[in-house]
Amino acid sequence: MAHEGLGRRDGVQLIAYADRFGGTLPELRGVLDGPLAGVFAGVHVLPFFTPFDGADAGFDPVDHTAVDSRLGTWDDLRALGADYTLMVDLIVNHVSADSTEFRDVLARGDESPHAAMFLTMSDVYPDGADEAELVGIYRPRPGLPFTVLTLGGRRRLVWTTFTSQQIDLNLGSPAGRAYLDRVLATLAAGGVSMVRLDAVGYAIKTAGTSSFMTPETFAFIDELTTRARALGVEVLVEIHAHFERQIAIGSVVDRVYDFALPPLLLHSLYTGDAAPLRRWLGVRPANAVTVLDTHDGIGVIDVGPDQMAEGRPGLLTPEQVHDLVEGIHEHSGGQSRQATGWAASNLDVYQVNCTYYDALGRDDAAYLLARAIQLFVPGIPQVYYVGLLAGANDMELLARTGVGRDINRHRYTVAEIEAELERPVVAALVGLIRFRNSHPAFGGEPSVGGDGSRLVLTWTSGAQTASLTADLGSHRATVTWTGPDGTTHAHADLLAFATTP
């Protein structure tokens, strides 16, 4: 069951695929209630829709309203949502090319009642587009965002932002909006209390713009958030962008990912330079969801110069970003290089594919320090299932699938999970998570301090305090906190944190 400390929506959440963390939805629930009892307040269940194992690991649903029967049922999700904050993905931008609706459009073209649900180039550029307009479209991969397909006997340029198997929705049409409303209502009825808007930055296409995070996109997010709130559902926006854009987004949404934290932490731990990290912690949105790793790679675009407006520096210089990427490759023994960029069929070349544990050279002290900082940074901490178990790069799975992101998507059986939880580094991380969930100071006010390689994160609620003093150069850290009777306690060895009450 969920913990008794902070409110469910404020406590630490797990990110996991049901099929890769247990095997099914009931088995995932069994792990949360069994060996992980009391550890997590919520869970982000990655795509379980039909099919969960499509061309993009479930992010290309044929039916976004159906639970894949191989994983479980909506009753399993509702039961999970009754005891945990349940987050799922609302895949906003596209559906599978194998969906019933699009297959009908392929067969009948404009005669299909679903024709208006999908986006073609002429929907955005009815009078055509010149070279400057087309190269100005912001892309997650090289090339233009179109696929030539024959719809009802007529050759068309269909908008496909990610792959030719993922057909973009026409969200400017009543049919596109009705589809999204139907999915949102299904999720709300299925016990979901938070939705992650997948790829929402690309969802609205507007002629004469980059079609990425434009004013029209913000208006759409605001409209969709209003509809979600009316159903009792909170919205998390997923955007990889320049840090100033993240700050702007955070001011107008329920929750936004802090994607700058993971690369900044790696930079600090590699170099001992904590200044960029402290700078970010001083300006970042307070309503963030903090992550170090997710089902995708480690983003670097979030800390670099603006890709859309030249002259806007990032949190790191281009040279520092280059050194950061090379540092990940070096610490992982070159494994991340095999899984990143065009080496492994990646869509997002601005992300490095590697487990966070391997990105830190499997150094337990550095890894626990990074996790402690994540847990002390304001926001809702989410811990990815591979990261929870301090997982190593799955080179066997990468070799088998050729998909770069699979390096960080190991398939754990229940027996494996139970065995991994016995490792000292994992037990210590679980202890830190329990501490974050239960100490009353985390319900109060945070502060950031430090100088040079030092970072000090402190939470205060009345007479209760909890503080992390970290040296990013030596990878040493001390956690101090007040007990119920007001006495001060301290731990200078994070590996011993599993023994902390």
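A closed barrel of eight strands, in the order E1-E3-E6-E11-E12-E13-E14-E17 and with parallel pairing, is the element with which I begin. From one strand to the next, the twist averages 30 degrees. Helices (H or I, at least four residues) and strands (E, at least two) are DSSP runs, numbered from the N terminus. Two strands are called paired if DSSP finds at least two bridges between them. The model is a predicted one, in which local features need pLDDT of at least 70 and side-chain atom pairs count only at pLDDT 80 or more, while totals for chains, interfaces and linings use all residues. Residues are numbered from 1 along each chain as its sequence is written, and side-chain values use heavy atoms, with hydrogens and water left out.

Within the barrel, strand E14 (residues 288–290) and strand E17 (residues 380–384) run parallel and are joined by two bridges. Val 289 has Ile 380 in E17 as its bridge partner. Helix H14 lies across both E14 and E17, at about 145 degrees to E17. Such angles are taken between N-to-C directions and run from 0 to 180 degrees, with axes being lines fitted to C-alpha atoms, for helices over the stretch in contact; contact means heavy atoms within 4.5 Å.

H14, which spans residues 364–376, also lies across E20, E21 and E22, at about 140 degrees to E21. That brings me to the second sheet.

This sheet is open, with five antiparallel strands in the order E19-E20-E21-E22-E23. Why is one side of strand E19 and of strand E23 left without a neighbour in the sheet? E19 (445–449) and E23 (488–491) stand at the edges, and each has a single partner strand, so one side of each has no neighbour there. The twist of this sheet averages 15 degrees from one strand to the next. As a reminder, strands of a sheet pair through backbone hydrogen bonds, either parallel or antiparallel.

Strand E21 (residues 464–471) pairs with strand E22 (residues 476–482) over six antiparallel bridges, and Leu 468 has Val 479 in E22 as its bridge partner. The hairpin of E21 and E22 has four residues between the strands, and His 475 takes a positive phi near 65 degrees. E22 is in turn joined to E23 by four bridges, again antiparallel, with Thr 480 opposite Ala 490 in E23. The hairpin of E22 and E23 has five residues between the strands, and Gly 486 in the turn shows a positive phi of about 90 degrees.

At the other edge, helix H10 (residues 275–283) lies across E19 and strand E20 (454–461), at about 25 degrees to E20. Glu 445 belongs to E19. Is Glu 445 buried or exposed? Its relative accessibility is 59%, so Glu 445 counts as exposed; the class requires over 50% relative accessible area, buried means under 20%, and partly exposed lies in between (1.4 Å probe, protein chains only). Leaving aside residues up to four places away in sequence, Glu 445 touches Thr 458, Trp 459 and Thr 460.

Helix H9 (residues 261–271) presents another situation: nine of its eleven residues are buried, so the helix is largely enclosed by the rest of the structure. Among the buried residues are Pro 262, Pro 263 and His 267. Gly 272, with a positive phi near 80 degrees, follows H9.

I turn finally to empty space. On a 1 Å grid over the protein atoms alone, a cavity is a set of points where a 1.4 Å probe fits but cannot get out, and a pocket is an open set with protein on both sides within 12 Å along at least five of seven lines; lining residues have an atom within 4 Å of a point. Points are joined across faces, edges and corners, and a volume is the space filled by probe spheres set on them.

How many cavities of 30 Å³ or more does the structure hold? There are four. The second largest cavity has a volume of about 80 Å³, and residues lining it include His 240, Phe 259, Asp 293 and Asp 296. H9 and strand E15 (298–299) each supply at least two residues of that lining.

The second largest pocket holds about 160 Å³ of space. Twelve residues line this pocket, and those closest to its centre are Asp 10, Gly 379, Arg 436, Phe 442 and Trp 459. Trp 459 is also one of the residues that Glu 445 touches.
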